[in-house]
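Let's take a walk through this protein together, one piece at a time. Keep the picture open while you read, and find each part as we get to it.

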Amino acid sequence: MAVQLICSDKCGAKKDFLDKYPKTVAAVVEEELDSIEFINDHPDQAKAVVNAGIHTITGKSIDAAVLDRNWNNVKFGDDPLAQRLLAGAANAESVGLQGKVDLSGLSDVRILNSILVARGLSTVKAP
């Protein structure tokens, strides 16, 4: 779950937002980290919240057994998984789906990393 991918040089307007409102971005990242912590610490409550949201949107809930069985297939974390993004781009290039793509500067994780350090957690890497 890598919502912290805050666009950098390659994303013009989004980079401007990051530069103009770093405290707002930090607040959003703080809340996301709190949410991730809640999900991981209280999976039964988190499943109930997710299922209620699905019911609100679709009018139907997911069967509890199905939700339980599949919940463990999803990892909730703070890492934007830069290495997976780079590997995916390389795989797409190797099979001819795209040419070489320069992903450097795609995300700016400085705010995320400063918050992770303040919380005593490991930092993450950007492509």
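Start at helix 6, where the buried residues are Ile111, Leu112, Asn113, Ile115 and Leu116. Keep in mind that you're looking at a predicted model. To be called buried here, a residue needs a relative accessible area under 20%.

So what does helix 6 meet in helix 2? Ile111, Leu112, Ile115 and Leu116 of helix 6 meet Pro22, Val25, Ala26, Val29, Glu30 and Leu33 of helix 2. Those four helix 6 residues are also on the buried list you just saw. Helix 2 covers residues 22-41 and helix 6 covers residues 110-118, and the two pack at an angle of about 55° with their axes 10 Å apart. Angles from 65 to 115 degrees would count as roughly perpendicular and those under 35 as roughly parallel, so helix 2 and helix 6 are oblique to each other. If you look at how helix 2 passes helix 6, the crossing is right-handed.

Now follow the chain past the end of helix 6. Just after that helix, Gly120 takes a positive phi of about 75°. A bit further on comes Thr123, which sits in the segment after helix 6. Is Thr123 buried, exposed or something in between? Its relative accessibility is 48%, so Thr123 counts as partly exposed; the exposed label would need over 50%. Setting aside its neighbours within four places in sequence, Thr123 touches Asn113, Leu116 and Val117. Two of the names there, Asn113 and Leu116, appeared among the buried residues of helix 6. You can also check the spacing between Thr123 and Arg110: they're 13 residues apart along the chain, and their C-alpha atoms are separated by 9.3 Å.

Let's go back to helix 2 and look at its other partner. The axes of helix 2 and helix 3 come within 5 Å and cross at roughly 110°. That angle falls in the 65 to 115 degree range, so helix 2 and helix 3 are roughly perpendicular to each other. On the helix 2 side, the contact is made by Phe38, Ile39, Asn40 and Asp41, and on the helix 3 side by Pro43, Gln45 and Ala46.

Helix 3 has another meeting too, with helix 4 (residues 64-71): they pack at an angle of about 120°, their axes 11 Å apart. At that angle, helix 3 and helix 4 count as oblique to each other. Helix 3 passes helix 4 in a right-handed crossing. Here Pro43, Ala46, Lys47, Val50 and Asn51 of helix 3 meet Leu67, Asp68 and Trp71 of helix 4. Notice that Pro43 and Ala46 turn up again: they're also among the helix 3 residues that touch helix 2.

Zoom in on two residues of helix 3. Asn51 has a relative accessible area of 13%, so Asn51 is buried. Leaving out neighbours within four places in sequence, Asn51 is in contact with Ser61, Ile62 and Leu67. Ile54 lies in helix 3 as well, which runs over residues 43-58, but with 26% relative accessibility Ile54 counts as partly exposed. With the same kind of neighbours left out, Ile54 contacts Gly59, Lys60 and Ile62. Ile62, then, touches both Asn51 and Ile54.

Next, the aromatic rings. A pair of rings is described by how far apart the centres are and by the angle between the planes. How many aromatic pairs does the count come to? The count is two. Phe17 and Tyr21 form a tilted pair, 4.9 Å centre to centre with 45° between the planes. Phe17 is partly exposed at 41% relative accessible area, and Tyr21 is partly exposed at 35%. Trp71 and Phe76 also make a tilted pair, at 5.3 Å centre to centre and 35° between the planes. Trp71 and Phe76 are both buried.

Finally, zoom out. The protein has six helices and zero strands, so its pattern along the sequence reads α-α-α-α-α-α. Of its 127 residues, 26% count as buried. The accessible surface comes to about 8,500 Å², with 58% of that belonging to carbon and sulfur atoms. Among contacts with a separation of 6 or more, residues 24 or more positions apart account for 63%.

Notes. Residues numbered from 1 in each chain as written. Predicted model: local features only at pLDDT ≥ 70, side-chain atom pairs only at ≥ 80, totals over all residues. Heavy atoms only, no water. Buried < 20%, exposed > 50% of the residue type's maximum accessible area, 1.4 Å probe, protein only. Contact = heavy atoms within 4.5 Å. Phe/Tyr/Trp six-rings, centres within 6.5 Å; stacked < 30°, edge-to-face > 60°. Areas by Shrake-Rupley, 256 points an atom, 1.4 Å probe, with all protein chains shown as cover. Axes fitted to C-alpha atoms, helices over the stretch in contact; angles between N-to-C directions. Parallel < 35°, antiparallel > 145°, perpendicular 65-115°, else oblique. Left-handed = near helix turned anticlockwise from the far one by under 90°.
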